[in-house]
Amino acid sequence: MPKRNDLDSILLIGAGPIVIGQACEFDYSGVQACKALREEGYRVILVNSNPATIMTDPETADSTYIEPINWKTLEKIIEKEKPSALLPTMGGQTALNTALDLDQKGILKKHNVELIGATKEAIDKAEDRELFAKAIKKIGLKTPKAGLAHNLEEALKIQQEIGFPCILRPNFTLGGMGGGIAYNSEEFESICLRGLDLSPTSELYIDQYLSGWKEYEMEVVRDKVDNCIIICSIENFDPMGVHTGDSITVAPAQTLTDKEYQEMRNASFAILREIGVETGGSNVQFAINPEDGEMVVIEMNPRVSRSSALASKATGFPIAKIAAKLAVGFTLDELSNDISGGKIPASFEPTIDYVVTKIPRFNFEKFPQADSTLTSQMKSVGEVMAIGSNFAESLQKAIRGMENGKTGFDNIEEELTKTTLRSKLISPSPERLWFIGEAFRQGSSLDEVHDLTKIDIWFLQTIEEIISTEKKINKKTLSSRDFLFNLKKMGFSDQRLAALSGQSEEKIRSLRQKLNIKPVFKRVDTCAGEFETTTAYMYSTYQDECESNPTENKKVVVLGGGPNRIGQGIEFDYCCVHASMAMKEEGYETIMVNCNPETVSTDYDTSDRLYFEPITLEDVLAIIELENPYGVIIQFGGQTPLKLAQELEKNKVPILGTSPDKIDLAEDRERFQEFVNENKLKQPPNGMASNKSQAKSIAHQIGYPIVVRPSYVLGGRAMEIVHNDNDLEKYLDEAIQASDSNPVLLDRFLDIATELDIEAISDGSQVEIYGVMQHIEQAGIHSGDSACSLPPYSLPDKVIKKIKEQVRVIAKQMDIIGLMNVQMAYANEEIFLLEVNPRASRTIPFVSKAIGLPLAKIASKTMIGKSLKQQKIKNPSNLNHFSVKEAVLPFDRFQNVDPILGPEMKSTGEVMGIGTSFAEAYDKSQISAGTIIPDGGSVFLSVRENDKPHLEELATRLDQLNLSIVATKGTAREIQNMGIKARIINKVAEGRPHVVDLIKNNEISLLINTTEGKESIQDSSSIRRTALDNKIPCTTTLQGGLAICEVLEKRLDWSVQNIQDIHKSIE
Amino acid sequence: MTEKKAYLYLDSERFFEGFSVGKNADTCGEVVFNTSMSGYQEIISDPSYTDQIINFTYPHIGNVGTNDDDLESDSNGCNGVIIRDPSTITSNWRKQDDLSNFLKTKNISGIYGIDTRKVTRIIRNEGAKVGAIVSGKDHKKKALKLIEEFVPLGGKDLASVVSTKKVYEWKEPSWRKDFDDNNLKIVAIDFGVKHNILRMLKDRGFQVIVVPAKTTAAEIIAMKPDGVFLSNGPGDPEPCKYAIECIKELRTKRIPMFGICLGHQLLGLALGMKTIKMKFGHHGANHPVKDLDSNRVFITSQNHGFTIDSKSIPEDVKITHLSLFDETIQGIETSDKRCFSFQGHPEASPGPQEIQELFDKFLTVVKSNAKKK
């Protein structure tokens, strides 16, 4: 049954910005789907608001819309493009929900668009828990005891039937947002109220909490003639109660007998059939009672998911690609399994001969007020995957790939009482793994640890064995080849062995060389070696035979960015993928090294060869020694590979582009300052201190406010603005930890300055500036969290010219080859240089999409000596459209966290708005980020002292827009004095009713709340939090407020335009 | 688990050093690899592996221990096992014993700490090889002697060796299943039968009489069966002349027959087809097989080193199933639809259970034939 010929064009919806619960995996699946569908001759129309994706590259789809993902915008696109079908299963929950909206509003019917891949009925049946439970019961399977409540009263009634503990989940929310586990009635009520509020349908599911049950996931693919296959089984290390996205997971399932596994397999197929998933990939989650094997069905997703990306990487079977082909009518046996060179069909079940471990990556350090206990609501921001010959090896490889400072089961440094340790074991958290290690180290038995954690003893025993082996490690024992080889087989890193034996990592490496102990590389081939593979998808392990078979070709290695985290996300993967594509275009063999399973870079199709490995010195050196590449690109994967620069150079690794010395120059404060002075550039007054008193005296020299931060960090980690000695002292108590004994940097904070990001490429002789971006938020907000406009929307031309001149000087003097990002501030008619980043930056994909040039590709070509002239790149002289990037923040995930922006980056993702005016671009970016700027109602206005000069402008414009102003006494009086009406409302401390009451009563539709100083920030935090919880737009900067005015003054019914057309119009 | 050194030899040049597991005795057999990720106990106790050493491609073997319900035979099953990383702990609510002990009670020797993927790749490239697991002094000499003395599987009748010596009735249904009697009698000829086949026949309500491999057609006919089942088993089908003769005779009596694996090959031979030895056979739980009638693809469990030659199909036999891995014949049916057989393992155990409908088909055929009588 070949593909359908009645379809002509297919609309694909992306997942939008990276948020917790929806990350790069949907770029990976979207790209695969686009490729697969175009391969079959269909015209693909794509919508995604996230510019940092490969899928929104103009080459990926035929017509690409970087527009807000909602039914209204989609209707415009449908009207314009008239697609014959919509494939909603590749863009996560966002795409499914949008497709359902389009269906419900009758738009699909009206324009004759067919839903393929999943029907409305199937989506409903899978997503609606009541329908789902009914369906499961019908086929003789079980779901946990459960009920659906629409209000607190109903909820309490259901609770009585189920008992405690019970688990609460709001219907139709991302990643289980707003859910939780209740052990008592107080907790129950509070979760209920939050959940009912967050559910778009005001529905809350209350389930029996299967505490301590084992959790499994099956990745299933079905075609339209009912051929079903399991791609992968996954077993969760953490038992039920922790969201599967936050669980450590292992593939394949380890503790099931075949009979139990087959029951689960049969059940998975029965569920897909009953739900009515006609074609494509789905996952089904099960819980198993470890006491008697009782099996219950937890949920299923009728679409590709994070787990299916993991399963694809774990097995080498490209689920999204196959699912896309099945959606247009192919059957599994008509498709071939690429990785085996097409020798076998896709209609088989992958079998693997290694163990895969995934560990989620968290960022709680950025949200100190957030509760880091893991629950049914997902909180992780990324993940790493590792492949090993055994569980111990894959687990320890995954740990060192996380790049959180851990090199294995590192000792817990803090003093631990028995009680603390117990509670650390009982309560799942990002650190639990190491507390388990510590428990064994302190002599706890397997049973004791199992009783507290409920983690299967099969997993725990491996950790116990690792710890007991660690005790045997010392300088002397390591000199035995057998022992050391055995340790490497268990996955011990050189760094960990160094720490345990009191030697340097280098010593361990040379010891290994002396004893001839080095890793071999095995291939991932979907078939456990039964068939020959032509695909070079590899992992390292300590076994006999090496299958890497490196070629003699001229090759370039690209080091990826490792797990996603705040500050280092999909943008860097985008750049790595482009580097690889560019090198391929130039005739090099390309080699990718990365350990993030969500990404496009770890698709075995992206580069000629893929090493799925942690990005550590040890692992990278092993690959380079074997491959002997012409060059290595380390500047595209963010801080993770960049950190290795010096060490790699020391080991004679040929690094392409800007030299490690110059990278160091840019990162090292002292050297950088010298550079600034030499070139007569200007920096904000600054200093460096290694202790408290020194810091204070420098602070007095510079003058407050001051930005303090540790050196060598990305994403503004631990960066803060302090206004007095008190704040500074408080900060220093924490910063020393965050900076790895690096000194602390103090900079004069440029208040009310305009911040700028500049992207340039230098080939050594020519420097081209491709983008000057003006931040909407003033300096002081981390550039990653700030919205920005390209071109600048309110900067005089002569300033831009001056900026460009300075950037050219910097690039020349720093001997930049490749990408360079410069951050500057413009204040009081002066230009200040904030930082130079001789590497790929977060805004590269955004600028590339805005100006229609693949900057990362162009830059990588300069790194192998192809000049800009040779590349014939024409830098656009004039843009007749505006592009705005807006950050997307995860505050709604973390209760009690103040949603205020500051110098430490907190956003997980970004969106892009494009328009013919700044207002259009900004408005679209806000809609994409989830903020609908209201065109009426009341605005609560509260500005800090420094913003007062702009108060009149702001108030006047708001007033003219017919927004009624509400303000606290002082501000209100000032506004009234300007002749503008303002209603007075109490501050929270002034008694009730106060501003928070007003917000809760839905009497405020917009908040403009700027504040400074620790105390007043704390005082006003409940205002911002309440606004967030009630989904009321809130800006914390004056410039944000003015941008809102601009939007409202010019707002029209915006039209949609694809980027292919936009790029054509660029001169 | 011992730390006693053991060696796996594939020939005089290639050997692997590891540690002994299970019974610590020298052993020899044809080394084949199995790619299943679950069900090691069923695999090890499958009599079809007689004279073979199983190289497990999945690294952790032994995770869930062993239990009585998952046993596939009372005989010893395979000649040896090669494991990368046997589990030192067992975790499953059904476990009764651990792998190491289980191997000892079954008299099976094994070796662990081996790069099993390397072994797999050698076999994939060169075909199934005779290998030996040995330990102690002069290991090379001992191994090479064993290999030299090993009688290759081609031409070897092993079915009669592993078969039951006496007639008995099988009464147990599948794990967690019940059955209703259907008043039909099946004689199952045991060429090395897996318990799960008998369980699944029982699930369908048959009275199941198991008879030795060399039972004659006359003896079977005297039992007045409504159908005859031809079981799986080890070795080469061709030298099992007694069975081929028996099947031919049962054909003339119009008795419905259903064969699995070796039983399938024997039916083929009795129908005038030929069998050939494969390069390294099919051993795994992920094999796609296409039903040529419905065009549906089934993922099946497989374990065979011989196959029916596709160049030898008589007119009154229809090919019903093909392997999508290598196009080998996976199922045949006589044109009178009374006899059919399947090369893979519809009884699973271990492996996918989705082609169990073949047992239902057998029930239908036997029933309708009984009515006609």
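## A walk through chain A and its contact with chain B

K454(A) is partly exposed, with 19 other C-beta atoms within 10 Å. For burial, C-beta atoms are placed from the backbone, and a residue is called buried if 20 or more others lie within 10 Å of its own, exposed if 12 or fewer, and partly exposed in between. This is a predicted model, in which local features need pLDDT of at least 70 and side-chain atom pairs count only at pLDDT 80 or more, while totals for chains, interfaces and linings use all residues. Residues are numbered from 1 along each chain as its sequence is written, with chains lettered from A and ligands numbered from 1 in the order in which they are written.

Let us stay with K454(A) for a moment. K454(A) is not a glycine, yet its phi is positive, at about 65°. You will find K454(A) in the loop between helix 15 and helix 16 of chain A. Helices here are DSSP runs of H or I with at least four residues, strands are runs of E with at least two, and both are numbered from the N terminus. Most residues other than glycine have a negative phi, and most peptide bonds are trans.

Another residue to look at in this light is N962(A), a residue other than glycine whose phi is positive, near 65°. N962(A) sits in the loop between helix 34 (951-960) and strand 35 (964-967) of chain A, and is exposed, with 10 other C-beta atoms within 10 Å. K82(A), just after helix 2 of chain A, also takes a positive phi, of about 45°.

Now for the peptide bonds. The bond that joins F164(A) and P165(A) is cis, with omega about -10°, and P165(A) belongs to the loop between helix 7 (152-162) and strand 7 (166-170) of chain A. Further along, a cis bond runs from L790(A) to P791(A), with omega near -5°. P791(A) lies in the loop between strand 29 (788-790) and helix 29 (797-813) of chain A.

Helix 2 (residues 71-81) of chain A is a good place to look at burial. Which of its residues are buried? Among them are T73(A), L74(A), I77(A) and I78(A). These residues cover an arc of only 140° around the axis, which puts them on the same side of helix 2 of chain A; the arc is that of the directions from the helix axis to the C-beta atoms. The buried residues of helix 2 of chain A pack against three strands and two helices of chain A: strand 1 (9-13), strand 2 (43-47), strand 3 (63-65), helix 3 (92-104) and helix 4 (107-110). Contact means that the C-beta atoms of two residues, placed from the backbone, lie within 7 Å.

Next come two helix pairs. The axes of helix 13 (residues 418-426) and helix 15 (residues 446-453) of chain A come within 7 Å and cross at roughly 60°. Axes are lines fitted to C-alpha atoms, for helices over the stretch in contact, and angles run from 0 to 180 degrees between N-to-C directions. That crossing makes helix 13 of chain A oblique to helix 15 of chain A, since angles under 35 degrees count as roughly parallel, over 145 as roughly antiparallel, 65 to 115 as roughly perpendicular and the rest as oblique. R422(A), L425(A) and I426(A) of helix 13 of chain A make the contact with V449(A), L452(A) and T453(A) of helix 15 of chain A. By class, this contact has 4 nonpolar, 1 polar and 1 charged residues. Ala, Val, Leu, Ile, Met, Phe, Trp, Tyr, Cys and Pro count as nonpolar, Asp, Glu, Lys and Arg as charged, and the others, Gly among them, as polar.

In the second pair, the axes of helix 19 (residues 494-501) and helix 20 (residues 505-514) of chain A come within 8 Å and cross at roughly 110°. Helix 19 and helix 20 of chain A are therefore roughly perpendicular to each other. Here D494(A), Q495(A), L497(A) and A498(A) of helix 19 of chain A meet E505(A), K507(A), I508(A) and R509(A) of helix 20 of chain A. The residues of this contact divide into 3 nonpolar, 1 polar and 4 charged.

Finally, turn to chain B: 46 residues of chain A are in contact with 43 residues of chain B. On the chain A side, helix 9 (258-275) and helix 16 (457-470) each supply at least two residues, and the largest share, 6 residues, comes from helix 9 of chain A. T257(A), in the loop between strand 12 (249-251) and helix 9 of chain A, is buried, with 27 other C-beta atoms within 10 Å. Leaving aside its neighbours within four places in sequence, T257(A) is in contact with S38(B), V64(B), D70(B), N92(B) and R94(B).
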